Amino acid sequence: MRSTLRKVVFLGSLLGVLGASRSLLGRVPERNPADQIRSDAGTEGSPKLVSPDAGAGQMPGLVPAEDHLSPVDAGLSDIADASMHADAIPDARDTAISTSQPQDAGEADGEQIIPAHAADLPVGAESSRRGEDMSVAAATAPVLPKRLPKYGLMVDVGVPDGLIGSLVVRPWKWLRFCAGGGANGISYGWRTGITLLPLGQGPSASLEYGGYLDGDANAMAKTIGFGSSPVLQRVGYQYTNAHLGLDFGSRRFVFFLHGGVSVLWGQIHNLDTLIPAPTASDASVTGTTQLVVPRDPNARVVTPSVKLGFVVYVR
Amino acid sequence: MTLRLFPIIPVLAALAFGCSPSFEASLPDVEIIQHGLVMDGAPGLAQPNGASVTSSFTISSSIAAWAERMNSKVFVHQVTVTASGGLPNLDFIESALMTATAPSISESTTEIANYARSEAALSGSSIEGTRPAPTDITSLWSADQVVISLQVTGQLPEQPWTVDVTLKLSGHITYEF
């Protein structure tokens with residue numbers, strides 16, 4: 001009986017020392033996350049890899065079995081189950097940043113992420129303890145560049161662009177292509193462009209080319225206080241923008257303000273109705289004087305221009 | 001980062017508004033047609049070298065008012081004289097000269113077209129007067145009135161006759177605000 005009691009006390013002491021040493025070290029030896037998933041899968045009550053999407057305060061590493069989870073954590077056990085699959089590992093990596101980086105760190109390009117396996121923590125550790133442990137893990141973990149979303153949607157409004165909706169492709173952080181269509185209150189048009197962002201955000205330079213089909217501008221002229229004119233019955237133009245600007249944000253949402261110079265060109269229709277017919281006052285003239293414009297004149301306008309808008313990158 | 005970038009905004013604004021707007025228009029083809037210009041007859045003036053008569057018409061400034069305050073350039077490319085009033089052809093014209101003058105600016109005349117019938121010329125109801133290069137009539141264009149004179153030489157009809165005169169012009173307008 002006494003020897004049995006000694007054995008129990010010895011084992012208890014041994015377990016206590018082991019537990020204390022693991023707590024002091026703050027982490028267990030690193031393992032390949034895939035190996036960990038495989039070893040954990042199907043072991044009820046054993047530690048499970050969960051998506052760090054598990055929310056604020058939830059560590060992106062190992063969590064106790066469901067019977068030890070809080071109500072919030074318990075709802076995340078499904079995610080944990082889903083993450084058992086090997087293809088869930090990239091997701092875990094992507095989301096690990098949300099709990100291991102400062103809030104604004106996500107805005108910076110070239111931000112680093114902490115692989116999930118680097119945040120492995122002792123089973124059953126307390127939440128506060130997990131946070132400290134994770135910091136240690138983050139400091140020692142290898143860093144990987146995080147991929148910026150490439151494709152997005154852009155909406156902007158300006159002069160002479162009108163209101164334009166575009167598809168955006170960002171092959172690199174410093175380069176953005178866009179193409180789309182819109183309206184200027186007279187007719188429908190299109191536009192394509194390229195934007196350079198040397199720093200990934202902030203100062204930008206854009207070149208754009210677009211055009212609008214012919215439309216009746218008399219309604220707009222009346223709206224802004226001008227009279228109607230036959231010359232305004234067919235108004236269409238093409239244009240290029242050379243803009244400098246500022247782009248705020250770089251990852252998912254970018255707001256921009258661009259300004260510069262635009263060149264518009266197009267044809268003026270029905271000009272002969274605008275120019276008064278010349279009058280001949282000589283007695284030797286029995287007929288009339290007529291002004292004819294067989295070919296529509298070409299017009300070009302160079303003007304300051306500005307536009308503002310935003311880009312939402314979706315994937 | 002945002003606050004650090006705000007000083008750039010005035011620079012961008014200066015770039016944008018430092019560019020003064022400008023407007024340019026190119027009118028490649030404008031025609032002024034004077035119908036029914038009466039030319040005097042030349043009774044009893046038949047001579048070996050033919051007779052010569054001159055007629056003129058005046059264009060008021062109303063046609064040029066839209067371009068007067070603009071930095072415009074106006075050129076005459078061609079003048080066409082077409083028989084009218086039942087006149088079958090203009091084969092009797094040996095030569096023609098068209099000039100323009102603005103009495104309010106200068107008494108000097110500017111030749112805008114001339115014509116000389118060649119021996120191989122075909123019979124026709126119109127003649128075309130050209131010059132090697134388009135004639136700049138910008139200064140005349142801004143005058144209140146421009147007098148266009150047509151002088152023709154040849155074996156002219158004894159009775160008054162009429163022609164239509166077409167001036168083919170081009171213009172380029174530049175305006176900076």
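**Exercise 1.** In this predicted model, find where pLDDT stays under 50 in chain A, and decide how to read that stretch.

*Solution.*
Step 1. Locate the stretch: pLDDT stays under 50 over residues 9-125 of chain A.
Step 2. Check the contacts. For residues 9-125 of chain A, the model has 154 contacts beyond four places in sequence.
Step 3. Apply the general caution. Where pLDDT is low, predicted coordinates should not be read in detail.
Step 4. Set the stretch against its chain. Chain A has a mean pLDDT of 68, and 50% of its residues reach 70 or more.

**Exercise 2.** Work out how confidence is spread in chain B, and which elements mark its lowest and highest values.

*Solution.*
Step 1. Take the chain as a whole. The mean pLDDT of chain B is 82; 80% of its residues reach 70 or more.
Step 2. Find the low end. Helix α1 (residues 2-5) of chain B has the lowest confidence in that chain, with a mean of 55.
Step 3. Find the high end. Strand β4 (residues 93-101) of chain B is highest, at 92.

**Exercise 3.** Describe the make-up of chain B, then that of chain A.

*Solution.*
Step 1. Count the elements of chain B: four helices and eight strands.
Step 2. Order them. From the N terminus, chain B runs α-α-β-β-α-β-β-β-β-α-β-β.
Step 3. Add burial. In chain B, 29% of the 177 residues count as buried.
Step 4. Turn to chain A. It has seven helices and 13 strands. Of its 315 residues, 30% are buried.
Step 5. Look at contacts with a separation of 6 or more. Residues 24 or more positions apart account for 82% of these in chain B and 59% in chain A.

**Exercise 4.** State which scores the predictor gives the complex.

*Solution.* The ipTM is 0.77 and the pTM is 0.61.

Terms used. Residues numbered from 1 in each chain as written. Chains lettered and ligands numbered in written order. Predicted model: local features only at pLDDT ≥ 70, side-chain atom pairs only at ≥ 80, totals over all residues. pLDDT = per-residue confidence, 0-100. Contact = placed C-beta atoms within 7 Å. Helix = DSSP H or I, 4+ residues; strand = E, 2+ residues; numbered from the N terminus. Buried ≥ 20, exposed ≤ 12 C-beta atoms within 10 Å, placed from the backbone.
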